[in-house]
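This report describes one protein chain, moving from its overall dimensions to the surroundings of three individual residues. Please read it alongside the sequence and the coordinates.

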Amino acid sequence: GQEILNVAGENIREWDVMDSGDQQKLTVSLHSPAKQTYSLKLTLEEALDSLPTEFPLPQIQAENVVRQRGNVTVETSRELEVETVSSEGLTQQSLSGQPAKDAPDALRPFGRFRYLGLPFDLTLSVKKAEPIIEVESFTRFKVEPDYSNFLTVFNYTVKRVGIFDTRIEIPADFEGVEATGDQVEDFAEETDADGNRILTVTFRNRVEGAVSFSVNGRLIRENNDDDALVPVFEPIDVSRHDGKVGLEIHTSLDPKTEEEGDLRQQDVSLLGGNVPGEGPLQIGFRYRGEAVPARIGFTLKKPQVTGEVFTMVEVREQLIRYQWTIAYNVLYAGVDTFVISVPESIADNLRHDGPLIQEVNKNYTPPEDAENPPVADDGEVLWAVILRDKKMGSYQLTLTLDEPISTISVADNEPTDDQSEETDENESDNANSFPVTLPEITLKNVQTES
């Protein structure tokens with residue numbers, strides 16, 4: 001039952017509690033008689049049984065009074081959920097004007113009642129309060145030819161009571177899943193009885209209101225054109241979850257939605273800046289609650305290679321220098337081999353320079369199963385410039401040839417008998433002039449060459 005912890009009031013000399021049947025009788029002795037008005041403040045406490053439980057509010061009866069009436073105000077802990085089971089002899093009053101208490105551990109008002117006489121009855125049920133959690137998530141799903149990854153931001157709104165952690169069902173195939181954020185203390189992964197992967201995120205303190213954190217993971221793609229399942233998440237024990245997903249797809253992959261599952265198409269422009277990360281999004285989805293993921297199929301695009309050849313001829317005192325600067329532009333898919341055709345007469349003396357070059361095959365023969373294999377014209381040989389990795393975008397290759405100016409070239413241009421009558425000045429000019437022949441470099445397996 002109730003235990004009297006304290007009795008407070010003016011002019012109190014002593015107080016004593018005695019058992020009287022199933023009740024307790026409190027006797028308060030004063031130093032001098034009270035006149036007109038007098039106030040006592042009693043503090044009582046009763047231990048509750050294990051939750052959930054029910055209990056009646058205690059009634060305190062003043063003896064030897066003509067009339068007793070009063071108010072009953074019920075306040076509850078934020079950790080508890082209270083409901084009225086029965087009420088008799090009480091009139092419920094408005095809570096307007098009740099001062100707000102913003103402290104996390106402050107009691108909050110449940111109800112205010114008024115009674116005009118005894119006895120009355122107010123029986124309450126009490127159980128542990130459950131948080132009301134609403135979640136909004138934004139996911140960037142990035143698909144590259146050889147891997148895919150996701151980055152998801154979870155925005156939680158926690159009402160009624162704070163939480164120390166949260167549990168989320170995550171996609172099955174991704175590796176290295178981790179959670180990060182200012183409020184994140186730790187995270188751990190486990191597999192439940194149904195074989196689902198559950199990520200538990202523990203916060204530094206109990207959180208209430210708005211809290212955000214990120215989760216990311218990675219998946220190796222065995223084949224470039226393998227289908228991909230759009231990652232979906234299921235926060236556990238939440239009242240609502242709205243998820244939005246934006247897909248960032250490599251330019252070499254042509255996507256097609258094979259199965260939508262429980263997802264619905266979402267205009268990527270409506271995702272705005274909420275999706276984490278950077279880069280253009282090609283496809284958008286939205287879903288709510290538990291959802292079957294969409295399946296995306298891919299077709300590999302063929303690379304589109306264009307090239308421009310810039311030729312410079314530099315005539316020096318002892319030699320002629322030819323330099324070809326080849327500017328490639330690779331779209332849609334990377335390539336690791338550039339094929340060029342060079343005159344066989346200069347192939348041995350031609351130098352090459354460019355980034356990422358692994359080797360140059362100066363007598364290249366295309367594979368038998370090659371589509372549209374390059375063919376060298378008469379008097380030419382194929383070179384294959386092989387890079388250490390596939391390259392997209394711009395790439396620059398430089399070829400250089402130095403040819404000495406031989407005395408034979410000059411002798412071949414000595415004046416003939418028919419020219420002997422020309423002026424000494426013309427004879428001198430002709431004797432020191434010679435033709436410059438420009439070797440031709442041809443690009444192979446390009447869509448456009450200029």
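The protein has 29 strands and two helices, and the coordinates examined here are those of a predicted model. Its radius of gyration is 44 Å, whereas a compact globule of 450 residues would have a value near 22 Å. The C-alpha trace, followed along its principal axes, spans about 155 × 50 × 30 Å.

Of the 450 residues in the protein, 32% are buried. Among contacts with a separation of 6 or more, 73% are accounted for by residues 24 or more positions apart. The accessible surface comes to about 27,700 Å², and carbon and sulfur atoms contribute 43% of that area. The protein carries 40 positive and 82 negative charges, and the mean positions of these two sets lie 17 Å apart.

Three residues illustrate how burial varies along the chain, as set out in the table.

| Residue | Location | Relative accessible area |
|---|---|---|
| Glu88 | strand β7 (residues 80-88) | 58%, exposed |
| Pro131 | loop between β10 (121-128) and β11 | 24%, partly exposed |
| Thr139 | strand β11 (residues 132-143) | 0%, buried |

Thr139, which belongs to strand β11, is classed as buried because its relative accessible area of 0% falls under the 20% limit. Once neighbours within four places in sequence are set aside, Thr139 is in contact with Phe150, Leu151 and Thr152, with Pro231 and Phe233, with Lys244, Val245 and Gly246, and with Val275. With one of these residues, Thr152, the side chain of Thr139 also forms a polar contact of 2.8 Å.

Pro131 is placed in the loop between β10 and β11, and its relative accessible area of 24% makes this residue partly exposed. Not counting residues up to four places away in sequence, Pro131 touches Val158, Lys159, Val161 and Ile163. Although Pro131 and Ile163 are 32 residues apart along the chain, their C-alpha atoms are separated by 7.2 Å.

Glu88, in strand β7, is exposed because its relative accessible area of 58% is over the 50% limit. When residues up to four places away in sequence are not counted, Glu88 touches Phe120 and Asp121. A separation of 81 Å lies between the C-alpha atoms of Glu88 and Met392, which are 304 residues apart along the chain.

Terms used:
Residues numbered from 1 in each chain as written. Predicted model: local features only at pLDDT ≥ 70, side-chain atom pairs only at ≥ 80, totals over all residues. Heavy atoms only, no water. Helix = DSSP H or I, 4+ residues; strand = E, 2+ residues; numbered from the N terminus. Buried < 20%, exposed > 50% of the residue type's maximum accessible area, 1.4 Å probe, protein only. Polar contact = N/O pair within 3.5 Å; in protein donor to acceptor, adjacent residues only side chain to side chain. Contact = heavy atoms within 4.5 Å. Rg over C-alpha atoms; globule rule 2.2 N^0.38 Å. Areas by Shrake-Rupley, 256 points an atom, 1.4 Å probe, with all protein chains shown as cover. Lys, Arg positive; Asp, Glu negative; His and termini not counted. Charge placed at Lys NZ, Arg CZ, Asp CG, Glu CD.
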